[in-house]
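Student: Could you take me through one part of this structure slowly, showing how its helices are placed against one another? I would like a careful, connected account that I can follow while looking at the model.

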Amino acid sequence: MPEALRCVSVVGAGAAGTLTAAQLLRRAAALRLDLAVRLIDPAAAAGRGVAYTTSAAHHLLNVPACGMSAFPDRPDHFVRWLARRSPGAHTGGDYVPRALYGEYLADVLARAARSGPGRLHRIHERVVGVRRTDRGVTLALESGGPLPAEAVVLALGNFPPTEAWVPPTLRRSPRYLADPWAPGALAGLSPDGDVLLVGTGLTMVDVALTLSRAGLAVRAISRHGLVPQPHAESPLPAVPAPHFAPGADLQQVRRTVLSHVSACRREYGDWRVGIDGLRPVTAELWQRLSLTDRARFLRHDHGLWNVHRHRVPPASARALRDGIGAGRILVTPGEVADAVPSEDFVLVRLRDGRTLRVGAVVNCTGPQADVRRLDDPLVADLLATGLAVPDPTGVGFHTSPCGRLHPPAGAPPAPLWTLGPPRRGALLESTAIPEIRAQARALAATLLNTPHDAG
């Protein structure tokens with residue numbers, strides 16, 4: 001029998017890393033294991049990451065509180081926490097500020113750390129590389145020090161937006177904002193002229209509402225100009241997924257989904273019922289498709305799927321609609337062909353021939369998914385050393401069913417696992433808390449029940 005793990009290192013202290021560390025500590029307590037959990041991230045606080053660092057009250061969770069428990073087996077855990085924190089202030093159906101959820105995750109981790117006998121070690125460092133050793137791996141820290149590790153969970157979260165569309169002259173300009181979630185980024189935007197947001201997804205909604213509140217005029221463009229649909233104003237019934245024929249290809253899956261959604265709209269008066277009913281079977285459907293069909297979906301269907309599947313709170317949708325109606329926010333189709341920044345403005349030429357004169361350009365295209373295109377030292381090192389390879393879809397890492405990183409063909413796997421967005425290529429849906437909390441729980445079980453050679 002392999003020797004039990006004495007230490008697990010979790011790289012990343014956002015939602016995925018915090019949930020993983022908490023699950024490891026809770027499982028160690030249940031098994032009475034003296035486990036050390038290292039949570040490694042330069043951020044001052046755990047549980048925040050990119051999504052929950054914001055302090056803006058109008059940045060709301062995109063899921064009601066009743067769906068945001070940290071634990072799959074305790075669905076009311078977050079709602080009960082809210083009730084203790086602010087009695088009577090929130091219900092399970094509320095879309096609460098994201099800052100509250102970051103506070104909740106930090107509290108979940110603190111309570112798990114007190115459960116014993118496992119020990120939490122918080123290391124405020126950035127991991128920039130990994131090397132295989134006889135006893136596991138060694139993590140290379142940005143400060144220069146090596147950190148031996150028996151098993152590592154890479155909780156890397158969402159990566160910064162892609163910049164493939166950004167003309168080189170714009171990329172070097174102070175009037176271009178590469179990452180709207182960088183600390184203090186939006187506060188530094190010039191008030192001169194419209195602000196152009198490139199991308200019209202969830203990031204755009206938050207950024208547009210923030211800038212509009214500050215009195216700035218906002219234009220937003222994307223290839224199709226689609227914006228996320230709103231959640232329903234009141235709870236919807238749960239409806240099972242339809243039957244999909246074994247071996248169904250993408251065209252057959254499309255037909256079945258459209259028929260199912262249409263039937264749900266007729267019976268329940270709302271298409272959302274049909275989309276939500278697909279959630280339990282989405283990963284299985286995705287994995288049944290051929291690589292060719294997956295590529296077709298990502299190229300032709302993914303944008304439409306996202307705006308219906310990943311919705312915004314009703315209050316955010318109303319605020320966006322009001323801003324559009326008042327002329328403060330304009331959303332249209334469009335793609336950047338070129339941009340020429342000057343000292344006072346940016347002249348943007350779109351592919352359809354239109355020209356826009358704006359005070360600043362903000363990248364709201366959403367997280368980069370192709371790990372080969374990332375400007376991230378850790379990811380680049382993993383790929384260069386052969387400890388990881390891209391998923392065959394080009395999205396995220398190639399992983400085993402439990403999230404272990406696949407090395408190149410013929411090479412033995414290192415004790416490296418991941419969860420959340422880096423698993424999107426294998427699962428399609430792997431960015432929301434319900435998926436991440438289940439993966440964190442499964443990883444804790446895998447690592448502590450079958451150490452070293454797991455999965």
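Tutor: Before we look at any pair of helices, it helps to know that an axis here is a line fitted to C-alpha atoms, for helices over the stretch in contact, and that angles run from 0 to 180 degrees between N-to-C directions. Please keep in mind as well that this is a predicted model.

With that in hand, begin with helix α2, residues 77-85, whose axis comes within 11 Å of the axis of α3 and crosses that axis at roughly 100 degrees. Because angles of 65 to 115 degrees count as roughly perpendicular, α2 is roughly perpendicular to α3. On the α2 side the meeting involves His77, Phe78, Trp81, Leu82, Arg84 and Arg85, and on the α3 side these residues meet Leu100, Tyr101, Glu103, Tyr104, Asp107, Val108 and Arg111. Sorted by class, the contact of α2 with α3 has 7 nonpolar, 1 polar and 5 charged residues. Some of these names return in an aromatic cluster, which is formed by Tyr52, Phe78, Trp81, Tyr101 and Tyr104.

Now turn to α1, which spans residues 15-31 and packs with α3, residues 98-113, at an angle of about 25 degrees, the two axes being 8 Å apart. Since angles under 35 degrees count as roughly parallel, α1 is roughly parallel to α3. The crossing of α1 and α3 is left-handed. From α1 the contact draws on Ala15, Thr18, Leu19, Ala21, Ala22, Leu25 and Arg26, while α3 contributes Leu105, Val108, Leu109, Ala112 and Ala113. In terms of class, the contact of α1 with α3 is made up of 10 nonpolar, 1 polar and 1 charged residues. Val108 of α3 is therefore worth finding in your view, because this residue is named in the contact with α1 and also in the contact with α2.

The loops that follow these helices have details of their own. In the loop between α1 and β2 (36-40) you will find arginine 32, which has a positive phi of about 55 degrees although it is not a glycine. With a relative accessible area of 73%, arginine 32 is exposed, since exposed means over 50%. In the loop between α3 and β3 (119-123) lies proline 117, and a cis peptide bond, with omega at about 0 degrees, joins glycine 116 to proline 117.

For a contrast with arginine 32, look further along the chain to leucine 428, which sits in the loop between α12 (424-427) and α13 (433-449). Leucine 428 also has a positive phi, of about 70 degrees, although it is not a glycine, but leucine 428 is buried, with a relative accessible area of 8%.

Finally, the aromatic cluster described above can be set beside one of the 8 aromatic pairs that the structure holds. The rings of tryptophan 286 and phenylalanine 297 have centres 5.7 Å apart and planes at 70 degrees, so this pair is edge-to-face. Tryptophan 286 belongs to helix α8 (residues 282-288) and phenylalanine 297 to helix α9 (residues 291-309), 11 residues apart. Tryptophan 286 is buried at a relative accessible area of 3%, and phenylalanine 297, at 11% relative accessibility, counts as buried too.

How values were computed:
Residues are numbered from 1 along each chain as its sequence is written. This is a predicted model: local features need pLDDT of at least 70, side-chain atom pairs count only at pLDDT 80 or more; totals for chains, interfaces and linings use all residues. Side-chain values use heavy atoms; hydrogens and water are left out. Helices (H or I, at least four residues) and strands (E, at least two) are DSSP runs, numbered from the N terminus. Angles under 35 degrees count as roughly parallel, over 145 as roughly antiparallel, 65 to 115 as roughly perpendicular and the rest as oblique. A crossing is left-handed if the near helix is turned anticlockwise from the far one by less than a right angle, and right-handed if clockwise. Contact means heavy atoms within 4.5 Å. Ala, Val, Leu, Ile, Met, Phe, Trp, Tyr, Cys and Pro count as nonpolar, Asp, Glu, Lys and Arg as charged, and the others, Gly among them, as polar. Rings of Phe, Tyr and Trp (its six-membered ring) pair if their centres lie within 6.5 Å; planes under 30 degrees apart count as stacked, over 60 as edge-to-face and the rest as tilted. Buried means under 20% relative accessible area, exposed over 50%, partly exposed in between (1.4 Å probe, protein chains only).
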